[in-house]
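Grab your viewer and a pencil. Below are a few exercises to work through, each with its solution.

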Amino acid sequence: KSAFEHILVSRPRPSVALVTLNRPKALNALSSPLFKELNHALELADNDKDISSLVLTGSEKAFAAGADIKEMQSKTFSEVYSTDFLANWAAIKSLRKPVIAAVSGYALGGGAELALMCDIILASPTAKFGFPEITLGVIPGGGGTQRLTNIVGKSKAMELVLTGRVFGAEEAERWGVVSKVVQTEKVPGDEHLPVVHEALEMASKIASFGQLATQAGKEAVNAALDLPLSEGLRLERRLFHSLFATNDQKEGMAAFAEKRKPNFTHS
Ligand code: CO8
């Protein structure tokens, strides 16, 4: 367990870091002090050779109910503009290692945006996503209008951003916002919520492969959202080529030929 005030950090599986947002009294509302800790913890994990993948979660009731409205309430334009407020709340998207969001309960506003910055989202059937910023006289500011639109298309994104309507796990899965809804039966012998358990299992699976290949896979998929197809295909092919310079490619293919398990060394 960690010495942080607003988050908990643990290593419940070999090579897997679990980061838990922990402001229960405010439904994990996202504040500047919380992000200071979160960014620090994420950077440590990203630079730790013994960590291969991460899981980010909240509580059963709330992944995060948005940015801390009480912190934002009295801010002025000159303050938010001159400090580029929110810019350093997006550090998670620069991580090289895969991050899985395990969402239970509210993921609203900045909470939904934080989940969308992760690489994979798993949801419990209780998950409630939404962009209620419009009800507060603002709009999403953490990438919601861009990342949501990339996933669900213009009409649905407009509806969600302009009405603030909350949507559940089932719709989120149907639209591709989440990759899977995890049922709520407790896993015997596991202290975690089922959705967190499943995310840890997935993170362990990812951690069983070579870090260089998982990093390249993440880089290539992310490029699909940014680059024209021809450039994305070229980047993918170059990354594919580059992996032939790694020991893990030699080991992975030798293990297949010799009908044994590979022993990846992340080199
Ligand atoms: N900010 C600050 N405090 C909050 C927030 C929040 N976003 N959400 C909940 N809380 C606090 C409540 O004020 C309350 O505190 P207190 O006990 O001191 O009054 C406590 O958490 C419990 O909340 P409720 O009593 O309201 O609990 P309910 O179960 O009745 O309701 C809801 C739960 C529906 C989630 C309700 O709390 C709610 O509507 N919260 C606000 C949701 C919201 O509007 N979120 C969007 C915020 S704007 C935003 O996120 C901008 C994005 C910026 C980009 C970020 C990039 C990562």
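Here come some ground rules, then the exercises.

This is a predicted model, where local features need pLDDT of at least 70, side-chain atom pairs count only at pLDDT 80 or more, and totals for chains, interfaces and linings use all residues. Residues are numbered from 1 along each chain as its sequence is written, and side-chain values use heavy atoms, with hydrogens and water left out.

**Exercise 1.** Work out where Ser-52 is found and whether it is buried or exposed.

*Solution.*
- Start with the location: Ser-52 is in the loop between helix H1 (32-46) and strand S3 (53-57). Helices (H or I, at least four residues) and strands (E, at least two) are DSSP runs, numbered from the N terminus.
- Next, accessibility: Ser-52 has a relative accessible area of 2%, so it's buried (under 20% relative accessible area, 1.4 Å probe, protein chains only).
- Finally, contacts (heavy atoms within 4.5 Å): beyond its neighbours within four places in sequence, Ser-52 touches Ser-15, Lys-97, Pro-98, Ala-207, Gln-211 and His-266.

**Exercise 2.** Trace the open sheet and find its edge strands.

*Solution.*
- Six strands line up as S1-S2-S3-S5-S7-S10, with mixed pairing (two strands pair if DSSP finds at least two bridges between them).
- The edges are S1 (7-13) and S10 (180-181), each pairing on one side only.
- Now zoom in on S3: four bridges join it to S5 (residues 99-103), and the two run parallel. Thr-57 stands opposite Ala-102 in S5.

Terms used:
Buried < 20%, exposed > 50% of the residue type's maximum accessible area, 1.4 Å probe, protein only.
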